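Reader: I'm new to looking at protein models, and I'd like to practise on this one. Can we go through it in questions and answers?

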Amino acid sequence: MNKKILASVLVIMLVSHVGFAAPILDIKQGETNLGIQYSNPDMSGTFSGRIHAKGFYIETGLTDKWILGLQHGVANDTVIDTNQDSLQLENKSTTLYVQYQIDKNFRLLTGKSFVKQTISYSGVPVGSGSENNFMYGVAAKTKLGHKLDGYAAWSKEKDTSEWGLGMSYDLTKDMKFFASYSKSKTDGLEMKGFSFGLNHKF
């Protein structure tokens with residue numbers, strides 16, 4: 001059981017990355033982005049299954065160079081280990097972050113995540129807990145066409161790394177649709193899949 005609990009923590013920390021990262025969008029001083037997103041990636045390795053994650057984010061331009069943001073995500077699903085035992089996950093993750101825009105195409109990311117989790121095996125609770133981790137990364141964006149932008153990002157948090165590719169499309173002057181593909185890896189586990197959402201600028 002101790003090995004399963006340890007593996008459960010690894011699963012939870014990986015899930016904390018999925019579908020919660022805000023897209024890389026334009027924002028100027030005094031503007032605010034508010035967005036919602038949904039992700040449905042596959043997990044493989046020590047555990048396998050499909051995760052359903054949903055989240056929101058809000059970020060504001062402190063200056064034309066500095067962006068302050070908060071993102072929050074929730075995942076609640078069941079995955080299967082190599083012995084076909086089921087693991088029930090309840091995960092809540094909140095990240096406070098800042099972005100520094102080097103120029104119109106490149107930016108640096110840093111922040112801190114706060115994760116709370118509850119873990120059960122085959123319906124039997126085995127524990128709960130929380131963890132706070134520092135994260136950092138880099139991102140880039142470019143114009144792909146009329147109303148269409150593309151972006152790429154890489155981040156690292158403790159033993160987990162994640163990269164993603166995405167695009168955003170202008171539905172209106174202030175509303176964007178965005179979609180991305182991301183991949184997260186940690187010891188013995190991998191998560192990859194698509195996410196999508198809507199962003200409104202105020």
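Reader: Is V115 buried or exposed?
Author: This is a predicted model, and everything here is read from it. V115 has a relative accessible area of 1%. Buried means under 20%, so V115 counts as buried.

Reader: Which strand does V115 lie in, and how far is it in space from K92?
Author: V115 lies in strand β7. Along the sequence, V115 and K92 are 23 residues apart. In space, going from C-alpha to C-alpha, the distance between V115 and K92 is 5.8 Å.

Reader: Where does R107 lie?
Author: Look at residues 106-121, which make up one strand. R107 lies in that strand, β7.

Reader: R107 is buried yet has no salt bridge, so what is the nearest side chain of opposite charge?
Author: A salt bridge needs the nitrogen and the carboxyl oxygen within 4 Å. For R107, the nearest side chain of opposite charge is 4.6 Å away, and R107 has no salt bridge. That side chain belongs to D26.

Reader: Which side chain makes a polar contact with the side chain of R107?
Author: Leaving aside neighbours within four places in sequence, R107 is in contact with several residues, including I24, Y100, Q101 and V138. One of these also makes a polar contact, side chain to side chain, at 3.0 Å. That partner is Q101.

Reader: How many salt bridges does the structure hold?
Author: You'll meet a few of them below. The count for the structure is seven.

Reader: In the salt bridge of D149 and K143, which residue is buried and which is exposed?
Author: Their side chains meet at 3.5 Å, N to O. D149 has 7% relative accessibility, so D149 counts as buried. K143 has 53%, and exposed means over 50%, so the exposed one is K143.

Reader: What about D42 and R50: how far apart are N and O in their salt bridge?
Author: D42 counts as partly exposed at 34% relative accessibility. R50 is partly exposed too, with a relative accessible area of 40%. Their side chains meet in a salt bridge with an N to O distance of 3.0 Å.

Reader: Which residues do salt bridges that share partners join into one network?
Author: Start with E190, buried at 17% relative accessibility, and K183, partly exposed at 22%. The side chains of E190 and K183 meet in a salt bridge at 3.5 Å, N to O. Shared partners bring another residue into the network, which joins K183, E190 and K192.

How values were computed. Residues numbered from 1 in each chain as written. Predicted model: local features only at pLDDT ≥ 70, side-chain atom pairs only at ≥ 80, totals over all residues. Heavy atoms only, no water. Buried < 20%, exposed > 50% of the residue type's maximum accessible area, 1.4 Å probe, protein only. Helix = DSSP H or I, 4+ residues; strand = E, 2+ residues; numbered from the N terminus. Lys, Arg positive; Asp, Glu negative; His and termini not counted. Polar contact = N/O pair within 3.5 Å; in protein donor to acceptor, adjacent residues only side chain to side chain. Contact = heavy atoms within 4.5 Å.
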